[in-house]
Amino acid sequence: MMIMDSLIAAIIGTINILITTYTWIVIISALISWVRPDPYNPIVRVLRGLTEPVYDIIRSKIPTNFAGIDFAPLIVIIVLQFLSIFLDRLWRAF
């Protein structure tokens, strides 16, 4: 049973690291979008490639543009934080 607990802890820890990393990617992408970045910059292309598919899913379900401000990154961050907290509490209850 101890091996299974360690395996589950490792999986949940890895998922939390991925959630945290993607949260920072979303934050950086949102901050960069405020300054009209060069669309041919490789960093901007990677950030957009990682975030735009998720934003498009959210934008197709919920209107996210209010007064010229896109709230899709905020919704993604809220969902990611919810998942992180949920996994943490699930592991502690287990």
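## A helical turn with two rings

F82 and F86 sit four residues apart in helix α3 (residues 72-93), so about one helical turn separates them. This is a predicted model, and that helix is a handy place to start reading it.

## How the fold runs

Zooming out, the protein chain has three helices and two strands. Going along the sequence, you meet them in the order α-α-β-β-α. The radius of gyration comes to 16 Å, while the globule rule gives 12 Å for 94 residues; the computed value is well over that, so the chain is more spread out than a compact globule.

If you want a box for it, the C-alpha atoms fill roughly 50 × 30 × 20 Å along the principal axes. As for who touches whom, take the contacts with a separation of 6 or more: 56% of them join residues 24 or more positions apart.

## Surface and charge

Of the 94 residues in the protein chain, 23% count as buried. The chain exposes about 7100 Å², and 73% of that comes from carbon and sulfur atoms.

On the charge side, there are 7 positive and 6 negative charges in the protein chain. Average the positions of each set and the two means end up 4 Å apart.

## The aromatic pairs

Two aromatic pairs turn up in the structure. One of them is F66 with F71: the ring centres are 6.0 Å apart and the planes meet at 50°, so this pair is tilted. How accessible are F66 and F71? F66 has a relative accessible area of 48%, which makes it partly exposed. F71 is at 32% relative accessibility and counts as partly exposed too.

Then there are F82 and F86, back in helix α3. Their rings form a stacked pair, with 6.3 Å from centre to centre and 15° between the planes. An angle under 30 degrees is what counts as stacked, so the 15° of F82 and F86 puts them in that class. The 50° of F66 and F71 falls between that cut-off and the 60 degrees beyond which a pair is edge-to-face, hence the tilted label.

Is F82 buried or exposed? F82 has a relative accessible area of 54%, so it is exposed, the cut-off being over 50%. F86, its stacking partner, has 45% and is partly exposed.

Key: Residues are numbered from 1 along each chain as its sequence is written. This is a predicted model: local features need pLDDT of at least 70, side-chain atom pairs count only at pLDDT 80 or more; totals for chains, interfaces and linings use all residues. Side-chain values use heavy atoms; hydrogens and water are left out. The radius of gyration is taken over C-alpha atoms; the globule rule is 2.2 Å times the number of residues to the power 0.38. Buried means under 20% relative accessible area, exposed over 50%, partly exposed in between (1.4 Å probe, protein chains only). Contact means heavy atoms within 4.5 Å. Accessible areas come from the Shrake-Rupley method with a 1.4 Å probe; for residues, only the protein chains shown count as cover. Lys and Arg count as positive and Asp and Glu as negative; His and the chain ends are not counted. The place of a charge is taken as NZ of Lys, CZ of Arg, CG of Asp or CD of Glu. Rings of Phe, Tyr and Trp (its six-membered ring) pair if their centres lie within 6.5 Å; planes under 30 degrees apart count as stacked, over 60 as edge-to-face and the rest as tilted.
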